[in-house]
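Thanks for making the time this morning. I would like to walk you through how two parts of one chain meet, so please bring up the view.

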Amino acid sequence: MNQYALDSIKLAKNYGNTQALKEVTFSIKKGEIFSLLGRNGAGKTTFVRIATGQLMPTSGKLSVAGYDIIKEVEKVRENIAVVPQEARVIRSSSACEFIQLYLLMRGNVGIENTRTIALNALKKIGLEHKANISARQLSGGERHKMLLACAIASDASVLFLDEPSIGLDVHSRRKLWEILLKLKSEGKTIVLTTHYLDEAEFLSDRIAVINKGVVCKIGSPSAIIKDSGFELRVDIDESDIEKLTIPKGVKVNKLADKVRVLGEEKIVKKIVSQALSKKLKVSVAGPNLEDAFLNLVGAENEQQN
Amino acid sequence: MNNRINKAISIMQGAWIDFSSTAKGNPFFLLIPFTYPIALLFVMYLNTGTRYLGLLLVGAILAEIINAGTAVFSETGSSKLFFKTFDLYVASPTSPFVYCMTISASWILMNSLAIFLFLLLALYFTHAGLLAVIATILIAIETSMVLGFIAFSAGTRLKTERDVFALGTILSFGLTLLSPIYYPITVLPPFVQMLSFLFPSTGPAILLQWAFGILNVNSNLVILSIANILVYLIIGIVAVKTALWREE
């Protein structure tokens, strides 16, 4: 039995002369939460659109839920659900009716049956009290949750979520994380695109970093952080950085009015000692996924010492 | 067989949910279909009395059926380019046929009050009988389906949001005014009569006018009308099968 929920082999997509995806190869195991990270235009959405049967690839092979995305796209679609990033409500239907319509179009039968499923899905995401309110009156975050409820109600085995926490407040994000972990525990495979690196680090079993259409790194969040080679980081006020001698072999990134220096522990500790001896304010911490990500795809205003 | 029956039930139930939620949310939607035909009827009544009311009412019935079909164009285009709910359905087991039929049926329900009232008035003014009622039902099913298929397929090919509104209006204009909906085809010069058969609404219009006893049709017109309906039925099926459901 196929152990992969998704298996991509040399998948490529060209738009005219532009290569949006270049021979993308990786697999996602069943039951994983897998995140696709990358800058805007990196190719994440193109990959998701191909994997969900919305877009034809130019070349390569891709199977989802064990079915070929070109030859068996109907079978693929039976096993997936997608939560698009931008979808808005077209009519004045209630949240419950919106999900019911989605389920009926998917092939579920019965108004009462779909209502029960829709209400259960809304309950799972904590929106049951808004089931009968016009979806247009829901906040942006609530509407996004409603789309997630559609995916939950579908009972698909592979869920594709395109930036699911965009527009959500902190509490709603945490609630969303709980829901996604619950879905994982039920055996669902979740493919996530997100710009929130803390979210990817917290939720993902594995991550693929896509840059300019190429998968430049794949692994667990901790492995990606470890592979970055950074052991420690220190944040220093931009105005103080000239007072310090920054040794070679560290990475220096500008962050608003701060400068972040990343590198091996012993080198960073030397910088910290210098700063403390000059009574400068510093903040020291271990590297996180954001540091590793910026190292992989390149940060604005970065310089290599 | 069971699968097909379930699919048909799901389509009807989906259409009902879509229609009823819209009607509950904004009852004015039910009145919009009346506006243009009533304006036309009013102006004609002031100028010619009740003489052409039967013809205009039959035209109004067909115009509502046509508008229900062309609304699929705007709805598909706007859900793809503006509301972005289209992706939700493409990335699901929903087939283009089910999506298109659900929206078409929903719009027919939306216009059904107007169709029903215009039908009653048309029967009153033309003294038509059961044949007219049956013809109306059959033509409503065929025309809304065919136009829905073609409009859906065209809607999936739209590139910009502006095209949704501009082309939707032009489409309705062409089908309800350039095609002989509100007037008998026989008033047109012979060459223009032939050209009018390029519109999918011409065949249904002639047969409906004949069923209401408004138009005396010769066998040539009947054959052309049936041919027009059959050709567009094939075009509609091909159109829905070649819709841009998955982009290249």
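**Where the two domains meet**

Between domain 1 of chain A and domain 2 of chain A, about 840 Å² is buried, and carbon and sulfur atoms give 72% of that area; buried area here is the accessible area (1.4 Å probe) that two parts lose on being put together, summed over both. Before going on, I should say that this is a predicted model, in which local features need pLDDT of at least 70, side-chain atom pairs count only at pLDDT 80 or more, and totals for chains, interfaces and linings use all residues. Residues are numbered from 1 along each chain as its sequence is written, chains are lettered from A and ligands numbered from 1 in the order in which they are written, and side-chain values use heavy atoms, with hydrogens and water left out.

Domain 1 spans 4-220 and domain 2 spans 228-304 of chain A, bounds that come from an automatic or database domain assignment. Their centres, taken over C-alpha atoms, are 36 Å apart. Domain 1 of chain A brings 12 residues to the contact and domain 2 of chain A brings eight residues, where contact means heavy atoms within 4.5 Å.

Which three residues supply the most of the area that domain 1 of chain A buries against domain 2 of chain A? They are Arg39(A), Leu197(A) and Glu201(A), which together supply 56% of it.

As for charge pairing, zero salt bridges are counted between the two domains, a salt bridge being a side-chain nitrogen of Lys or Arg within 4 Å of a carboxyl oxygen of Asp or Glu.
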